[in-house]
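Reader: Got a minute to walk me through this one? I'd like the overall picture, then the charges, then a few single residues.

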Amino acid sequence: RIEAAGDHAYLHTAQRAYLHRITMAALEEKLEGSGLLRVHRSAFIRPERVTRIERRGKVMTLSLDDGTQIPVGPRFRAATLEALDRLGG
């Protein structure tokens, strides 16, 4: 997963997180077609790592297989649900 930190981004791997100086907008361009999905203005995830979708009113949160909780931004909700639906069959 990738998480924004101002004009930097944390690139999370199974072993550690790496801080990289790049904006989320620039990352979005570079990552097109990579399999990573932007789900929030400050987060990208791998859809296959989602284990649960939780909805409370208009708030949607994804649980990843490592226990991380990622909020889904309102403007990313439809695309996120569509991508997860395609993944689920």
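Author: Sure, with one definition up front: accessible areas here come from the Shrake-Rupley method with a 1.4 Å probe. Also keep in mind that this is a predicted model.

Reader: Fine. So how much area does the protein expose, and what share do carbon and sulfur atoms supply?

Author: About 6,000 Å² is exposed, and carbon and sulfur atoms supply 48% of that.

Reader: And what percentage of the residues count as buried?

Author: 33% of the 89 residues.

Reader: Ok, secondary structure. How many helices and strands?

Author: There are 2 helices and 8 strands. Going from the N terminus, the order is β-β-β-α-β-β-β-β-β-α. The radius of gyration is 13 Å, close to the 12 Å from the globule rule for 89 residues, so the protein is as compact as a globular protein of that length.

Reader: What box do the C-alpha atoms fill?

Author: Roughly 35 × 25 × 25 Å, along the principal axes.

Reader: And the contacts: what fraction join residues at least 24 apart?

Author: 28%, counted among contacts between residues at least 6 apart in sequence.

Reader: Let's do charges. How many positive and negative side chains are there?

Author: 15 positive and 11 negative, with the centres of the two sets 4 Å apart.

Reader: How many salt bridges does a search of the whole structure find?

Author: It finds 7. As background, side chains of opposite charge can pair when their charged atoms come close.

Reader: Give me one that ties together separate parts of the chain.

Author: Take Glu28 and Arg38, whose side chains meet in a salt bridge at 2.8 Å, N to O. Glu28 lies in helix α1 (residues 24–31) and Arg38 in strand β4 (residues 37–40), so the pair ties together parts that are 10 residues apart in sequence.

Reader: Are those two buried or exposed?

Author: It's a mixed pair. Arg38 has 11% relative accessibility and counts as buried, whereas Glu28, at 35%, counts as partly exposed. The cut-off matters here: buried means under 20% relative accessible area, so Arg38 at 11% makes it.

Reader: What about Arg56, which residue does that one bridge to?

Author: Arg56 forms a salt bridge with Glu54, and their closest N and O atoms are 2.9 Å apart. Arg56 counts as exposed at 62% relative accessibility, while Glu54 is partly exposed with 23%.

Reader: Any others I should look at?

Author: There's a salt bridge between the side chains of Glu3 and Arg1, at 3.5 Å from N to O. Glu3 is partly exposed, with a relative accessible area of 34%.

Reader: And which residues are linked in a network of salt bridges?

Author: Arg49, Asp65 and Asp66.

Reader: Asp65, noted. Which residues does Thr51 touch, leaving aside its neighbours within four places in sequence?

Author: Asp65 is one of them; the contacts of Thr51 are Ser63, Leu64 and Asp65. Thr51 is found in strand β6 (residues 50–56) and counts as exposed, at 52% relative accessibility. From Thr51 to Gly67 the C-alpha distance is 8.9 Å, with their positions 16 residues apart in sequence.

Reader: Switching topic: where is Gly73 placed?

Author: In the loop between β8 (69–72) and α2 (77–88). Gly73 is buried, with a relative accessible area of 4%. Beyond its neighbours within four places in sequence, Gly73 is in contact with Val39 and His40.

Reader: How far is Gly73 from Leu31, C-alpha to C-alpha?

Author: 19 Å, and the two are 42 residues apart along the chain. Leu31 lies in helix α1 and is buried too, with a relative accessible area of 17%.

Reader: So what is Leu31 in contact with, local neighbours aside?

Author: Ile2, Leu36 and Phe44, once the neighbours within four places are left out. Its C-alpha is 18 Å from that of Ala17, which is 14 residues away along the chain.

Reader: Last one: where is Thr23 found?

Author: Thr23 is in the loop between β3 (17–21) and α1. It is partly exposed, at 34% relative accessible area. Thr23 and Leu87 are 64 residues apart along the chain, and their C-alpha atoms are separated by 27 Å.

Notes:
Residues are numbered from 1 along each chain as its sequence is written. This is a predicted model: local features need pLDDT of at least 70, side-chain atom pairs count only at pLDDT 80 or more; totals for chains, interfaces and linings use all residues. Side-chain values use heavy atoms; hydrogens and water are left out. A salt bridge is a side-chain nitrogen of Lys or Arg within 4 Å of a carboxyl oxygen of Asp or Glu. Buried means under 20% relative accessible area, exposed over 50%, partly exposed in between (1.4 Å probe, protein chains only). Helices (H or I, at least four residues) and strands (E, at least two) are DSSP runs, numbered from the N terminus. The radius of gyration is taken over C-alpha atoms; the globule rule is 2.2 Å times the number of residues to the power 0.38. Contact means heavy atoms within 4.5 Å. Lys and Arg count as positive and Asp and Glu as negative; His and the chain ends are not counted. The place of a charge is taken as NZ of Lys, CZ of Arg, CG of Asp or CD of Glu.
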